[in-house]
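Hi,

Here is the structure I promised to pass on. Have a look at it first, and then read on for what turned up.

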Amino acid sequence: MIWRVIPLTVNKASVNMAVDSAILDEVSAGRSPPTLRLYRWKPSAVSVGYFQSVNDEVNIEACREMGVDVVRRITGGGAVYHSYEGEITYSVIIPEDYEGMPKDIISSYELICGGIIKALNWLGLKAEFKPVNDITVEGKKISGNAQTRRKGVILQHGTILLDLNIKEMFNFLKVSKEKISDKLIKSVEERVTSITSITGVKPDFAKISQLLIKGFSESLKFNYTFNGLTPIEEKLTREYDEKQFSNREWVFRR
Amino acid sequence: MSKAELKVKGGKLVKCRLDVEEGYIKNIKYTGDFFLHPEEYIEKLENSLTGAAASTEIIKNIIEEFFKKPEITLIGASPEDFVKVTLSCLEAYK
């Protein structure tokens, strides 16, 4: 099966999440092939997991002041700060019965994360899968991933940290101001890392995109063509954006 | 309104918020960074607990039975964690 790769795009948060849902529907209907997409978030944004409370996790006021978007994902897991300059996000959307894809969710995380691990290895990082849903380098998290299975389709999306500004991150994720002390920053530095922190060089987005595409295509063993969204997916994206991801009721439902 | 949270060892965070009125659960909501597939089942769990008598045995039973559904996968937390966090939330009303 020839996959579709949608090369790096830049969108606002609600559109990024709407595109995933649109592709999921069309893969489910059999009209779109298995798809890998790469994207960034402009403006920078916070995404919260399906089950999280926005008010518990996000400093809404700070986000509003700085023009940072807030969106709720259809996947579980934790809150993520998607910095426009410091991270890249991917989505893999494939039928559940795709050849070689484990039924077991954690095994399928590991298989799909294999593509990211390869890309990081090629940059000289010793990356490892850490169940349930993380990739670590030197014991520190560099990538978080989340999966849902709907309509017979697996959607896994995740983030790879290129550069990390902890102070900025905790301006938007909820930790009380007093807690953004040197001590907390130090403990986060002990748990989270980025490509730049390890190699001393920030890879450009073209380079990391190219490595991720190569990594995923080798670990999931697919050939691909570059393509954009189909007209139906474009239409579905607008609908999902408007009705769900831009809708305050969805964002604030928990 | 009573709140409780539980950090699963090596796992995720499960939080519970509930209201009890005249011995029955009036509202209940679970939040956290766990994974439950299919995701919409969290509302089913909350619905099946709403209106239930706020007794340890009854609540424990509803939650345990709920997670026995074969189509459910819970990752990063266990049904027992949901029981625990709910019961500690109920404690506030005793």
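Helix α4 of chain A covers residues 105–122, and its length works out: 18 residues at 1.5 Å each should span 26 Å, and the end C-alpha atoms are indeed 26 Å apart. Bear in mind that this is a predicted model. The helix isn't straight, though, as α4(A) has a kink of about 35° centred on A:Gly114.

Plenty of α4(A) is buried, including A:Ser108, A:Tyr109 and A:Glu110 ahead of the kink and A:Ile116, A:Ile117 and A:Leu120 after it. What do those buried residues pack against? On the strand side, the partners are β6 (87–95), β7 (127–130), β8 (134–137), β9 (140–150) and β10 (153–161) of chain A, and helix α8 (205–219) of chain A joins them. Just after α4(A) comes A:Gly124, which takes a positive phi of about 90°.

One residue in that area deserves its own paragraph. A:Lys130 sits in strand β7 of chain A. Is A:Lys130 buried or partly exposed? It counts as partly exposed, because it has 14 C-beta neighbours inside 10 Å, and being buried would take 20 or more. Setting aside neighbours within four places in sequence, A:Lys130 is in contact with A:Ile135 and A:Thr136. Its C-alpha atom is 9.9 Å from that of A:Tyr109, and the two are 21 residues apart along the chain.

Elsewhere in chain A you'll find an open sheet of three strands, ordered β4-β3-β5, with mixed pairing. The edges are β4 (69–72) and β5 (80–82) of chain A, each of which pairs on one side only. From one strand to the next, the twist averages 25°. Strand β3 (residues 45–48) of chain A runs parallel to β4(A), and four bridges join the two. For example, A:Ser47 has A:Val71 in β4(A) as its bridge partner. Helix α1 (residues 13–28) of chain A packs on this sheet, where it touches β3 and β4 of chain A, and its direction makes about 25° with that of β4(A).

Finally, the two chains meet. Chain A puts 16 residues into the contact and chain B puts in 14. On the chain B side, the elements giving two or more residues are β3 (24–32), β4 (35–37) and β5 (73–75) of chain B. Of these, β3(B) provides the largest share, four residues. By type, the chain B side divides into six nonpolar, five polar and three charged residues.

Over to you!

Conventions:
Residues are numbered from 1 along each chain as its sequence is written. Chains are lettered from A and ligands numbered from 1 in the order in which they are written. This is a predicted model: local features need pLDDT of at least 70, side-chain atom pairs count only at pLDDT 80 or more; totals for chains, interfaces and linings use all residues. Two strands pair if DSSP finds at least two bridges between them. Axes are lines fitted to C-alpha atoms, for helices over the stretch in contact, and angles run from 0 to 180 degrees between N-to-C directions. Two residues are in contact if their C-beta atoms, placed from the backbone, lie within 7 Å. Ala, Val, Leu, Ile, Met, Phe, Trp, Tyr, Cys and Pro count as nonpolar, Asp, Glu, Lys and Arg as charged, and the others, Gly among them, as polar. The expected span of a helix is 1.5 Å times one less than its number of residues. The bend at a residue is the angle between axes fitted to the seven residues ending there and the seven starting there. A residue is buried if 20 or more other C-beta atoms lie within 10 Å of its own, exposed if 12 or fewer, and partly exposed in between; C-beta atoms are placed from the backbone.
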